[in-house]
Every structure is written in C-alpha cells, then in structure tokens.
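Open the model in your viewer and keep the sequence panel beside it. The stops below say what to select and what is there.

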Amino acid sequence: MTKIKICGLSRLQDIEVINEIKPDFIGFVFADFSHRYIDKAAAKKLKAALDPEIKAVGVFVDEDVNETASYINENIIDMVQLHGNEDDTYISCLRAECSRPVEIIKAFNFNKTKDIKILENSAADYVMIDSGCGTGEVFDWSKLGNIKRPFFLAGGLGCENVSDAIKTIHPFAVDVSSGVETDKLKDPEKMNGFVKTVREIG
C-alpha cells in the first residue's frame, strides 16, 4: 500500500479533515519564505489536535541543527524532512541532538541531482524526490530508473496524475501540497479525493 503525505497544513480545519481521511503523514512547513509557513506555537496547537496515529513531519530548509532538534525534543513533530543543502554530517549531528530516535527524510531536487547514487547513499531514513522546493512541478519520472531504496515522490502530484505515478515508479509514499489546494489553502474535497485515489490503487 502506497503511503500518503499531505504537506503544508496550517489551520485547525485542515487537521479536522486530516483526522477523517487519515493519510499516513502530514507536514508542517517551518521555512519562513513559504506561504505555508507556520511557527512553533501554531504547530504545537495543530499537533495536539492531530490523530496520534498520523505522523507529523516538520519541513526545514537549512535550519540550525539545534533548532531543528528542538521540534523533536518538544514533541511538536514526529519526523524531520530536510529540504535544503543539509548533508550527511548535518543528519548525523541532528540525530545526536535529538532526545529520541528520529526518522529523517532528505529531499532532493531531481532536476539538479542527476546521479541516482547520491540518493541511494544518503544517510537519511528516506529520500524525497522532488522537482524543486515546493514548486508543484512534475519531473520526468522515467529518468529515475530503478532506485532501490524507499522514497517519497513529490512535485506536481494531484488526483489527475498520482495513479500514473504509482503505477510507473512504485514509490514508498506520495507527497502532495499544492495539488490539494484552492487559492493557496487546503481544499477538503481535493484532499479527500487524493487519498481515495491512492488507496484505490493499493
């Protein structure tokens, strides 16, 4: 069964919908240049309202390692997603700063990272393959080849193309943000439709 992550949640009404449709992961964006950005206090309130069976992922872009670890140590998030230039040394330091074991997703812009071996050898628990930093653009999935490790697929996914993506490259999980938005806000119908579409495929 392909896992589902819905990223960029920012409102309590988003969480209410999430608790009904039950994706596997949700994402809070802590990069302040994004229109989906929320601060630590807001994330804490949203996490408190989230079904505990759904994992909250914190999305960071070149954040200080101690600051990133604080979100784990304060139980604001369950997992970390690194979407900047963080390397294996950063990942090692982050693990050391966290008060408990943490699963880490390292995102790669496939339009810039042409060598699959870089993704294969990352020290993160999972890699995310995207076309950019939240650009909502699709890349050529066929160029992925036979990546051997579990990966999250992101970039321009929506109800209209997620079936093809899953059937073509069989990701561990699919990640959606702009594809379930209307006027830059999460759309309950689109979120529900995306989850149903993925689960119908299996």
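Two residues are in contact here when heavy atoms of theirs lie within 4.5 Å. Keep in mind throughout that this is a predicted model.

**Stop 1: a residue in strand β5**

Select Ala107, which is found in strand β5, residues 103-109. Is Ala107 buried or exposed? Its relative accessibility is 6%, so Ala107 counts as buried, the cut-off for buried being under 20%. Now display what surrounds Ala107: leaving aside residues up to four places away in sequence, Ala107 touches Leu82, His83 and Met128. Add Ile129 to the selection as well. Ala107 and Ile129 are 22 residues apart in sequence, yet 5.9 Å separates them in space, C-alpha to C-alpha.

**Stop 2: the barrel**

Switch to a cartoon view and pick out the strands. In what order do the eight strands close into a barrel? The order is β1-β2-β3-β4-β5-β6-β7-β8, and the pairing is parallel. From one strand to the next, the twist averages 25°.

**Stop 3: strand β1 and its partners**

Select strand β1, residues 3-7. This strand is mostly covered, with four of its five residues buried. Then add strand β8, residues 173-176, which runs parallel to β1 and is joined to it by four bridges. Within this pair, Ile4 stands opposite Val174 in β8.

Next add strand β2, residues 25-29. Three bridges join β1 to β2, and these two strands also run parallel. Here Cys7 is the residue to label: Cys7 stands opposite Gly27 in β2. While the side chains are on display, recall a general rule: in a regular strand they alternate between the two faces of the sheet.

**Stop 4: strands β6 and β7**

Move on to strand β6 (residues 126-130) and strand β7 (residues 151-153). How many bridges join β6 to β7? There are three, and the strands run parallel. To find a facing pair, select Val127 and Phe151: Val127 stands opposite Phe151 in β7.

**Stop 5: helices α1 and α2**

Select helix α1, residues 12-21, together with helix α2, residues 40-49. Their axes are 9 Å apart and the helices pack at an angle of about 25°. That angle makes α1 roughly parallel to α2, since angles under 35 degrees count as roughly parallel. The crossing in which α1 passes α2 is right-handed.

Show the side chains between them. From α1 come Leu12, Ile15 and Asn19, and they meet Lys45, Leu46 and Ala49 in α2. Sorted by class, this contact has four nonpolar residues, one polar and one charged.

**Stop 6: helices α1 and α7**

Keep α1 and add helix α7, residues 188-201. The packing angle of α1 and α7 is about 25°, with their axes 10 Å apart. These two helices are therefore roughly parallel to each other. Their crossing is right-handed.

Which residues of α1 meet α7? They are Asp14, Val17, Ile18 and Ile21, and in α7 they meet Pro188, Met191, Asn192, Val195 and Arg199. The contact of α1 with α7 divides into six nonpolar residues, one polar and two charged.

Now bring the strands back into view. Helix α7 lies across β1 and β8, and runs at about 165° to β1.

**Stop 7: helices α6 and α7**

Keep α7 and add helix α6, residues 162-169. The axes of α6 and α7 come within 9 Å and cross at roughly 35°. This crossing is right-handed. On the α6 side, Val162, Ser163 and Ile166 meet Phe194, Thr197, Val198 and Ile201 in α7. By class, the contact of α6 with α7 comprises five nonpolar residues, two polar and no charged.

**Stop 8: two lysines in loops**

Most residues other than glycine have a negative phi. Two residues to select next have a positive one.

Lys22 is found in the loop between α1 and β2. Although Lys22 is not a glycine, its phi is positive, about 55°. With 37% relative accessibility, Lys22 counts as partly exposed.

Lys184 lies in the loop between β9 (181-182) and β10 (185-186). The phi of Lys184 is also positive, about 65°, although Lys184 is not a glycine. Is Lys184 buried or exposed? At 57% relative accessibility, Lys184 counts as exposed.

Terms used. Residues are numbered from 1 along each chain as its sequence is written. This is a predicted model: local features need pLDDT of at least 70, side-chain atom pairs count only at pLDDT 80 or more; totals for chains, interfaces and linings use all residues. Side-chain values use heavy atoms; hydrogens and water are left out. Axes are lines fitted to C-alpha atoms, for helices over the stretch in contact, and angles run from 0 to 180 degrees between N-to-C directions. Angles under 35 degrees count as roughly parallel, over 145 as roughly antiparallel, 65 to 115 as roughly perpendicular and the rest as oblique. A crossing is left-handed if the near helix is turned anticlockwise from the far one by less than a right angle, and right-handed if clockwise. Ala, Val, Leu, Ile, Met, Phe, Trp, Tyr, Cys and Pro count as nonpolar, Asp, Glu, Lys and Arg as charged, and the others, Gly among them, as polar. Buried means under 20% relative accessible area, exposed over 50%, partly exposed in between (1.4 Å probe, protein chains only). Two strands pair if DSSP finds at least two bridges between them.
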